[in-house]
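Subject: Structure handover

Hi,

Here is the structure I promised to pass on. Please load it before you read the rest.

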Amino acid sequence: MAKLSKRVAKSREGIDPNKSYALSDAVKLLKDRASVKFDETIEVAMNLGVDPRHADQMVRGVVNLPNGTGRTVRVAVFARGAKAEEATAAGADLVGAEDLVEIVQKGEINFDRCIATPDMMPLVGRLGKVLGPRGMMPNPKVGTVTTDVAGAVKASKGGAVEFRVEKAGIVHGGVGKVSFDANAIEENIRAFADAVIKAKPTGAKGNYVKKVSLTSTMGPGLKIDVATLSAS
(Lines give C-alpha, C1' and ligand atoms only; values in the text may rest on other atoms or scores of the structure.)
Protein backbone atom coordinates (compact mmCIF):
# COMPACT_ATOMS: atom_id res chain seq x y z
CA MET A 1 0.00 0.00 0.00
CA ALA A 2 1.40 3.40 -1.00
CA LYS A 3 2.45 5.67 1.82
CA LEU A 4 0.23 8.72 2.23
CA SER A 5 1.76 12.17 2.01
CA LYS A 6 1.76 14.31 5.15
CA ARG A 7 -0.88 16.61 3.65
CA VAL A 8 -3.25 13.73 2.76
CA ALA A 9 -2.69 12.02 6.09
CA LYS A 10 -3.47 15.24 7.94
CA SER A 11 -6.62 15.87 5.87
CA ARG A 12 -7.91 12.43 6.86
CA GLU A 13 -7.18 12.75 10.58
CA GLY A 14 -10.33 12.19 12.61
CA ILE A 15 -12.36 11.11 9.56
CA ASP A 16 -14.39 7.95 10.07
CA PRO A 17 -14.76 6.30 6.61
CA ASN A 18 -17.73 4.27 7.87
CA LYS A 19 -19.66 7.20 9.32
CA SER A 20 -22.42 9.07 7.50
CA TYR A 21 -22.02 12.76 8.33
CA ALA A 22 -24.74 15.38 8.49
CA LEU A 23 -24.42 17.68 5.47
CA SER A 24 -23.48 20.74 7.55
CA ASP A 25 -20.78 18.79 9.43
CA ALA A 26 -19.32 17.42 6.19
CA VAL A 27 -19.13 20.88 4.61
CA LYS A 28 -17.39 22.26 7.70
CA LEU A 29 -14.86 19.40 7.69
CA LEU A 30 -13.97 19.97 4.04
CA LYS A 31 -13.60 23.72 4.51
CA ASP A 32 -11.47 23.29 7.63
CA ARG A 33 -9.16 20.79 5.88
CA ALA A 34 -8.58 22.77 2.70
CA SER A 35 -4.83 23.31 2.67
CA VAL A 36 -3.71 23.69 -0.95
CA LYS A 37 -2.96 27.03 -2.58
CA PHE A 38 -5.81 26.99 -5.11
CA ASP A 39 -9.56 27.26 -4.52
CA GLU A 40 -10.73 23.64 -4.51
CA THR A 41 -14.01 22.55 -6.08
CA ILE A 42 -16.61 20.90 -3.88
CA GLU A 43 -18.13 17.88 -5.63
CA VAL A 44 -21.13 15.75 -4.71
CA ALA A 45 -21.67 12.19 -5.96
CA MET A 46 -24.99 10.38 -5.72
CA ASN A 47 -25.19 6.60 -6.13
CA LEU A 48 -28.64 5.87 -7.56
CA GLY A 49 -30.70 2.71 -7.73
CA VAL A 50 -30.95 2.76 -11.52
CA ASP A 51 -29.50 0.85 -14.46
CA PRO A 52 -28.83 3.45 -17.19
CA ARG A 53 -28.54 0.69 -19.80
CA HIS A 54 -32.35 0.80 -19.83
CA ALA A 55 -33.91 3.86 -21.47
CA ASP A 56 -36.57 4.18 -18.76
CA GLN A 57 -33.88 4.42 -16.07
CA MET A 58 -31.79 7.21 -17.56
CA VAL A 59 -31.27 10.20 -15.26
CA ARG A 60 -30.35 13.48 -16.91
CA GLY A 61 -31.05 17.14 -16.35
CA VAL A 62 -29.74 20.56 -15.48
CA VAL A 63 -29.84 22.58 -12.28
CA ASN A 64 -29.22 26.27 -11.69
CA LEU A 65 -27.19 26.49 -8.49
CA PRO A 66 -28.47 29.40 -6.36
CA ASN A 67 -24.95 30.54 -5.50
CA GLY A 68 -23.18 29.75 -8.76
CA THR A 69 -20.31 27.33 -9.35
CA GLY A 70 -17.42 29.68 -8.68
CA ARG A 71 -15.84 28.88 -12.02
CA THR A 72 -15.67 30.77 -15.29
CA VAL A 73 -17.72 28.95 -17.93
CA ARG A 74 -16.91 29.51 -21.60
CA VAL A 75 -20.03 29.24 -23.75
CA ALA A 76 -20.30 28.58 -27.49
CA VAL A 77 -23.55 29.24 -29.35
CA PHE A 78 -24.55 27.97 -32.78
CA ALA A 79 -26.94 30.57 -34.16
CA ARG A 80 -27.53 32.95 -37.05
CA GLY A 81 -28.87 36.46 -37.49
CA ALA A 82 -30.79 38.01 -34.61
CA LYS A 83 -30.27 34.96 -32.36
CA ALA A 84 -26.50 35.21 -32.88
CA GLU A 85 -26.65 38.87 -31.89
CA GLU A 86 -28.68 37.96 -28.78
CA ALA A 87 -26.09 35.35 -27.79
CA THR A 88 -23.24 37.82 -28.20
CA ALA A 89 -25.06 40.46 -26.17
CA ALA A 90 -25.72 37.90 -23.41
CA GLY A 91 -21.99 37.21 -23.07
CA ALA A 92 -21.37 34.11 -25.21
CA ASP A 93 -17.66 33.53 -25.81
CA LEU A 94 -18.04 32.02 -29.29
CA VAL A 95 -20.95 32.53 -31.69
CA GLY A 96 -21.25 31.22 -35.23
CA ALA A 97 -22.72 28.78 -37.71
CA GLU A 98 -20.71 27.00 -40.45
CA ASP A 99 -17.58 28.84 -39.36
CA LEU A 100 -17.94 27.57 -35.79
CA VAL A 101 -18.59 24.03 -37.04
CA GLU A 102 -15.30 24.14 -38.95
CA ILE A 103 -13.45 25.29 -35.84
CA VAL A 104 -14.86 22.45 -33.75
CA GLN A 105 -14.20 19.87 -36.47
CA LYS A 106 -10.53 20.84 -36.28
CA GLY A 107 -10.57 19.86 -32.62
CA GLU A 108 -10.48 23.41 -31.27
CA ILE A 109 -12.86 23.04 -28.31
CA ASN A 110 -12.29 26.36 -26.58
CA PHE A 111 -15.50 26.28 -24.57
CA ASP A 112 -17.13 24.39 -21.68
CA ARG A 113 -20.79 24.46 -22.72
CA CYS A 114 -22.50 24.39 -26.09
CA ILE A 115 -25.88 25.90 -26.99
CA ALA A 116 -27.76 25.84 -30.31
CA THR A 117 -30.99 27.14 -31.76
CA PRO A 118 -33.29 24.38 -33.09
CA ASP A 119 -32.74 25.35 -36.74
CA MET A 120 -28.97 24.83 -36.30
CA MET A 121 -29.21 21.21 -35.15
CA PRO A 122 -28.92 19.62 -38.62
CA LEU A 123 -25.58 21.45 -38.91
CA VAL A 124 -24.48 20.78 -35.32
CA GLY A 125 -25.42 17.12 -35.78
CA ARG A 126 -22.24 16.71 -37.82
CA LEU A 127 -20.27 17.30 -34.63
CA GLY A 128 -21.74 14.35 -32.74
CA LYS A 129 -18.49 12.37 -32.82
CA VAL A 130 -16.58 15.37 -31.46
CA LEU A 131 -18.99 16.82 -28.90
CA GLY A 132 -20.81 13.62 -27.91
CA PRO A 133 -17.91 11.89 -26.10
CA ARG A 134 -17.26 15.12 -24.20
CA GLY A 135 -20.89 15.33 -23.05
CA MET A 136 -21.24 18.69 -24.79
CA MET A 137 -23.76 17.92 -27.55
CA PRO A 138 -26.69 20.38 -27.33
CA ASN A 139 -29.85 18.71 -26.06
CA PRO A 140 -33.35 20.16 -25.54
CA LYS A 141 -33.77 18.07 -22.35
CA VAL A 142 -31.12 20.14 -20.58
CA GLY A 143 -32.02 23.46 -22.17
CA THR A 144 -29.09 23.71 -24.57
CA VAL A 145 -31.25 23.50 -27.71
CA THR A 146 -33.47 26.54 -27.38
CA THR A 147 -34.74 29.72 -29.03
CA ASP A 148 -34.02 31.59 -25.77
CA VAL A 149 -30.27 31.72 -26.38
CA ALA A 150 -29.81 34.77 -24.16
CA GLY A 151 -31.43 33.01 -21.22
CA ALA A 152 -29.41 29.85 -21.82
CA VAL A 153 -26.14 31.77 -22.00
CA LYS A 154 -26.88 33.68 -18.81
CA ALA A 155 -27.88 30.46 -17.02
CA SER A 156 -24.67 28.75 -18.13
CA LYS A 157 -22.57 31.69 -17.00
CA GLY A 158 -24.47 32.03 -13.74
CA GLY A 159 -24.33 28.51 -12.37
CA ALA A 160 -26.19 26.00 -14.54
CA VAL A 161 -24.81 22.49 -14.04
CA GLU A 162 -25.72 19.54 -16.25
CA PHE A 163 -25.85 16.06 -14.76
CA ARG A 164 -26.12 12.62 -16.32
CA VAL A 165 -25.99 9.22 -14.69
CA GLU A 166 -22.93 7.12 -15.50
CA LYS A 167 -22.84 3.38 -16.25
CA ALA A 168 -22.35 2.55 -12.57
CA GLY A 169 -25.50 4.48 -11.61
CA ILE A 170 -23.61 7.50 -10.23
CA VAL A 171 -24.43 11.17 -10.82
CA HIS A 172 -21.88 13.76 -9.81
CA GLY A 173 -21.27 17.46 -10.22
CA GLY A 174 -19.28 20.42 -8.97
CA VAL A 175 -21.35 22.47 -6.55
CA GLY A 176 -19.10 25.36 -5.57
CA LYS A 177 -15.70 26.23 -4.13
CA VAL A 178 -14.26 25.71 -0.64
CA SER A 179 -13.98 29.50 -0.37
CA PHE A 180 -17.78 29.79 -0.47
CA ASP A 181 -19.67 30.45 2.72
CA ALA A 182 -20.78 27.14 4.28
CA ASN A 183 -24.47 28.03 3.91
CA ALA A 184 -23.95 28.80 0.21
CA ILE A 185 -22.32 25.41 -0.33
CA GLU A 186 -25.15 23.64 1.48
CA GLU A 187 -27.78 25.49 -0.57
CA ASN A 188 -26.04 24.47 -3.79
CA ILE A 189 -25.78 20.83 -2.71
CA ARG A 190 -29.44 20.70 -1.75
CA ALA A 191 -30.44 22.28 -5.07
CA PHE A 192 -28.36 19.70 -6.95
CA ALA A 193 -29.75 16.78 -4.94
CA ASP A 194 -33.32 18.06 -5.34
CA ALA A 195 -32.91 18.27 -9.12
CA VAL A 196 -31.57 14.71 -9.28
CA ILE A 197 -34.42 13.44 -7.11
CA LYS A 198 -37.01 15.23 -9.27
CA ALA A 199 -35.42 13.62 -12.34
CA LYS A 200 -36.24 10.13 -10.99
CA PRO A 201 -37.10 8.01 -14.04
CA THR A 202 -40.27 5.95 -14.35
CA GLY A 203 -38.27 2.70 -14.47
CA ALA A 204 -36.54 3.28 -11.13
CA LYS A 205 -37.71 0.81 -8.50
CA GLY A 206 -36.94 0.50 -4.81
CA ASN A 207 -34.45 2.82 -3.09
CA TYR A 208 -33.62 5.60 -5.57
CA VAL A 209 -30.89 7.49 -3.67
CA LYS A 210 -28.66 4.78 -2.22
CA LYS A 211 -25.55 6.71 -1.16
CA VAL A 212 -24.27 10.27 -1.27
CA SER A 213 -20.70 11.42 -0.81
CA LEU A 214 -18.98 14.79 -0.71
CA THR A 215 -15.38 15.69 -1.43
CA SER A 216 -13.15 18.57 -2.48
CA THR A 217 -10.48 18.46 -5.18
CA MET A 218 -7.69 17.50 -2.81
CA GLY A 219 -9.71 16.65 0.29
CA PRO A 220 -11.10 13.45 1.84
CA GLY A 221 -14.29 11.79 0.68
CA LEU A 222 -17.14 11.89 3.19
CA LYS A 223 -20.33 9.84 3.30
CA ILE A 224 -23.43 11.98 3.76
CA ASP A 225 -26.54 11.14 5.75
CA VAL A 226 -29.16 11.28 2.98
CA ALA A 227 -31.83 12.48 5.41
CA THR A 228 -29.87 15.71 5.99
CA LEU A 229 -30.04 16.69 2.32
CA SER A 230 -33.54 18.05 2.85
CA ALA A 231 -33.71 21.62 4.12
CA SER A 232 -34.76 21.66 7.75
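Below is what was found, starting with the sheet and ending with the pockets. Keep in mind that this is a predicted model.

**The sheet**

Five strands make up an open sheet. Their order is β1-β10-β9-β2-β8, and the pairing is mixed. The edges are β1 (20-21) and β8 (170-177). Each of these has a single partner strand, so one side of each is left without a neighbour in the sheet.

Strand β2 covers residues 41-48. It pairs with β8 in the antiparallel sense, over six bridges. Two residue pairs help to fix the register by eye. N47 has I170 of β8 as its bridge partner. E43 has G174 of β8.

β2 also runs antiparallel to β9, and seven bridges join the two. Here L48 is bridged to V209 of β9.

The two faces of β2 are not alike in cover. I42, V44, M46 and L48 form the covered face. T41, E43, A45 and N47 form the uncovered one. The bridge partners named above can be placed on these faces: L48 belongs to the covered face, while E43 and N47 belong to the uncovered face.

**The helices on the sheet**

Helix α2 (residues 23-32) lies across β1, β2, β9 (209-216) and β10 (222-224). Its direction is at about 25° to β9. Helix α8 (residues 182-198) packs on the sheet as well, where it touches β2, β8 and β9. The direction of α8 makes about 155° with that of β8.

One residue of α8 deserves a look: E186. Is E186 buried or exposed? It is buried, because its relative accessible area is 11%, and the cut-off for buried is under 20%. Which residues does E186 contact, leaving aside its neighbours within four places in sequence? They are L23, S24 and V27. If you set protonation states, this is the side chain to inspect in the viewer.

**The largest pocket**

The largest pocket has a volume of about 850 Å³. It is lined by 31 residues. Closest to its centre are R134, G135, V161, E162 and F163. Elements that give two or more residues to the lining are β2, β6 (113-116), β7 (160-164) and β8. The largest share comes from β8, with six residues. By class, the lining of this pocket has 11 nonpolar, 10 polar and 10 charged residues.

**The second largest pocket**

The second largest pocket holds about 170 Å³ of space. Its lining has 14 residues. A45, K211, V212, S213 and K223 lie nearest the centre. β2, β9 and β10 each supply at least two lining residues. β9 gives the most, with four. The lining of the second largest pocket counts seven nonpolar, four polar and three charged residues.

**Where the parts meet**

β2 links these sections. It pairs with β8 and with β9. It gives residues to the lining of the largest pocket and of the second largest. A45, from the uncovered face of β2, is among the residues nearest the centre of the second largest pocket.

Best wishes

Conventions
Residues numbered from 1 in each chain as written. Predicted model: local features only at pLDDT ≥ 70, side-chain atom pairs only at ≥ 80, totals over all residues. Heavy atoms only, no water. Pairing = 2+ DSSP bridges. Contact = heavy atoms within 4.5 Å. Axes fitted to C-alpha atoms, helices over the stretch in contact; angles between N-to-C directions. Buried < 20%, exposed > 50% of the residue type's maximum accessible area, 1.4 Å probe, protein only. 1 Å grid on protein atoms, 1.4 Å probe; cavity = no way out; pocket = protein on both sides within 12 Å on 5 of 7 lines; lining within 4 Å. Points joined across faces, edges and corners; volume = space filled by probe spheres on them. Nonpolar A, V, L, I, M, F, W, Y, C, P; charged D, E, K, R; others polar.
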